[in-house]
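Hi,

Here is the structure I promised to pass on. Have a look, and my notes are underneath.

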Amino acid sequence: MGDFENLLAKAESGQLDTDEILILSRIKDTRLLMEVAARLRDEGHQTAVSYSRKVFIPLTHLCRDVCHYCTFAQVPRKLKAPYLTPEEVLKIAQDGAAAGCKEALFTLGDKPELRYKAARDGLKELKQESTLSYLRDMAQMVFDETGLFPHLNPGLMNADDFSELRKVSISMGIMLESSSMRLMEKGMPHYGSPDKIPERRFETMRLAGEAKVPFTSGILIGIGETRVERIESLLALREANSAFGHIQEIIIQNFRAKPDTLMANASEPDLNELLWTIALARIIFGPTMNIQAPPNLSPGALEQIVDSGINDWGGVSPVTPDFVNPEAPWPHLSTLAGETANAGKLLIERLAIYPDYAMDLDFWVDPELKPFVLQAIDGQGFARAESWAAGHTVLPPEGELARVTNLAKSQPLEELADLLEKTSLGVELNEAEIVRLFKTRGDEFTHVCQAADRLRRQVAGDEVTYCVNRNINYTNICYFKCQFCAFSKGKMSENLRGRPYDLSSEEIMRRTREAWDRGASEVCLQGGIHPEYTGKTYIDICHSIKQVVPEMHIHAFSPLEVWQGAHTLGIGIGEFLGQLREAGLGTLPGTAAEILDDEVRETLCPDKINTAQWLEVMETAHEQGFNTTATIMFGHMEEYKHVARHLLRIRNLQVKTGGFTEFVILPFIHMESPIYLKGRARKGPTFREAVLIHAISRLVLHPYFKNIQASWTKLSHDGVRACLQAGVNDLGGTLMNETITRAAGASHGQETSPEEMEEIIRSIGRVPRQRSTTYGEVSVIQKQKSYGASELKDPIYTSAIKYERKRSGNQKKQLYRNISSADIV
């Protein structure tokens, strides 16, 4: 047993070679293999077991092969027509879309026109050159008409076939079934089936890799192969994947005997054979490969199958039967979720393309399909299974809301428990560990949220703070081309709607006075980078505010404005900050951070200051005694690793300077954002991700940040309630005016009054406190004025026709005119 133990230990730490696998396969106790396989699976996939909600479209049952176990393939005389008509295809797809499916699985026989005249006549009637040309047209039609993503299983293909079919699908596949040529001999299951020659199938796999097609394959067990041949097949698949990394899943399918086939009386593999094979497949392919077993072929054994190392159930249809195994109905999704949960795992929906491939769409998916896949995935690449979006009025999903506060039904995996313990002690996590936290779902999500809330209670108590302030966005004219921004306007900006404006100093002063009279202790000023603004403009704005209300705290100018202002005056950042202080600037907002990683910024905001420059401005401000906030804007095109880097950079600067007052989390609002409308961004974070980042920020930034802030303008009142129970202790400002988030399409209003703020806070048993910008106390008089404040007067925006992209001759005659707030989104 000693050699076996050594090999089992090695299997958990690295890939075994062929001889080692063959030795390991001699272990008689399948449980030993399953234990190793399960640990490997947990390393790569944690608690997730995925599935694809699909509709099965059997384009044709004709096939030139005669596999002895198959009932899918039929002869022409048994079919009413050789091919489904376009109308029949579309009806199946529409039924699937109505049932919430995201995948259209096209299954068909291999080039039936090479064997049957009926197939050739059918194609002629359909005005098609071949079965594959018809497949291409039907896949395109299904995608165009229903939005379902096609997955194609058309058999052997050449390079041209892949080139054409890749344009209309996001994944394809071909089952190897077995690499044994012995199964091609007379009396064996693949006799008389030329497309089952292993060499030909491996050539198709190679061409798929060259064509950059996410590909599925696998083996069929119990059809006469030996265990050694089974292992050889898996090893051959591992080798086939080594050059391109394109095989996204390995299917272990157990043979089921079917009436009216040559193998109707053949013995089926028992459960031990299936579990043994799955465990060996996991050991052969390691922790990250997706190992799948169809759940409908092994009813009553699903928990054991999970325990053997799978992380995927394959496609499950709520609409159509399994046409390959019609005797085996799909389990109901609630049943599948329950049995998966009984095995300690969480059922998660994916697309036909697996998450790792969905996160690299530029490489793996046709450019015309990429925008649609982006809209359908979350930040990890799984299916986006909710209609909620940041800024939208759709209520948060009840299941995720409940998970924030409900008790978890299971204990966290040991490695997650260790991470949570480290954060409670203030130990810095590394990038990979933070990414692991972002992958938590189900009970793991609950554990992270509740760990963050315990830490919040420890460092901030039950007090929840907010600030009565007014946003003043002094101009929306900007010569930068940030791809996410729907606020900025002007000839050089990426805006798609709205009119450019530039507030007069009188209007800034009027709004400041009005805000003070309504109880505000702060005005927050930000705007576009106007091409005619210099550093003196920002200084003058501060003077204007202090002239009308000397006591008003000015929270203004992101690192981008500071950088640009200093540059226009030809002075250093420190000197310019000193001039702003003399003019009355109190603190700086940490906006323009977006994602502090240049890998993202070079696409998201290519002409903006880079990561090092943002950090330089903040560090300089802290050195001069300014407090600032720090922010993140996430949920667009970044990956979890980029968010992890952002958090670590913010943490490291805070360790050095201690100048950040709070960390502000800003979910991406997608609706009117140029980068989304161009098909280059996701729909913002999911609700789970939106809550989770607040919890993770609390954990990762501990003990250097006391205050974690959630944005009601982006998350809604219900959303921030959830975040308050996941590590958040601050709700930011009442705002009075809000234009940036609304310009992006958000619908949660411009102001949350002090009364509403305190109702939100008290509704979850917490204690509200109105604060100053720097978390001190506000005067009793200002606090009293803030309650029951009068309605705001309509703001006045000075329109800047000069910066509109294209206006009529009559409009160009008037350079500036006053416009109402209804003209500004």
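Below are notes on the salt bridges, one threonine and the main pocket.

This is a predicted model, where local features need pLDDT of at least 70 and side-chain atom pairs count only at pLDDT 80 or more, while totals for chains, interfaces and linings use all residues. Numbering runs from 1 along each chain as its sequence is written, and side-chain values use heavy atoms, with hydrogens and water left out.

Salt bridges first: there are 57 of them (a side-chain nitrogen of Lys or Arg within 4 Å of a carboxyl oxygen of Asp or Glu). K345 pairs with D42, with the closest N and O atoms 2.6 Å apart. K345 sits in the loop between α12 and β9 and D42 in helix α3, so this pair ties together parts 303 residues apart in sequence (helices are DSSP runs of H or I, at least four residues, and strands runs of E, at least two, numbered from the N terminus). Both K345 and D42 are buried (under 20% relative accessible area, 1.4 Å probe, protein chains only). R64 and D195 also form a salt bridge, at 2.6 Å between the closest N and O atoms. D195 is buried at 0% relative accessible area. There's a network too, linking E431, D597, E599, K641, R645 and R649.

T146 is in helix α6 and touches L90, A93, Q94 and A97, leaving aside residues up to four places away in sequence (contact means heavy atoms within 4.5 Å).

As for the largest pocket (an open set of points on a 1 Å grid over the protein atoms alone where a 1.4 Å probe fits, with protein on both sides within 12 Å along at least five of seven lines; lining residues have an atom within 4 Å of a point), 32 residues line it, and G44, Q46, D356, Q380 and K439 lie nearest its centre. Helix α18 gives the largest share of that lining, four residues.

Cheers

Notes: Buried means under 20% relative accessible area, exposed over 50%, partly exposed in between (1.4 Å probe, protein chains only).
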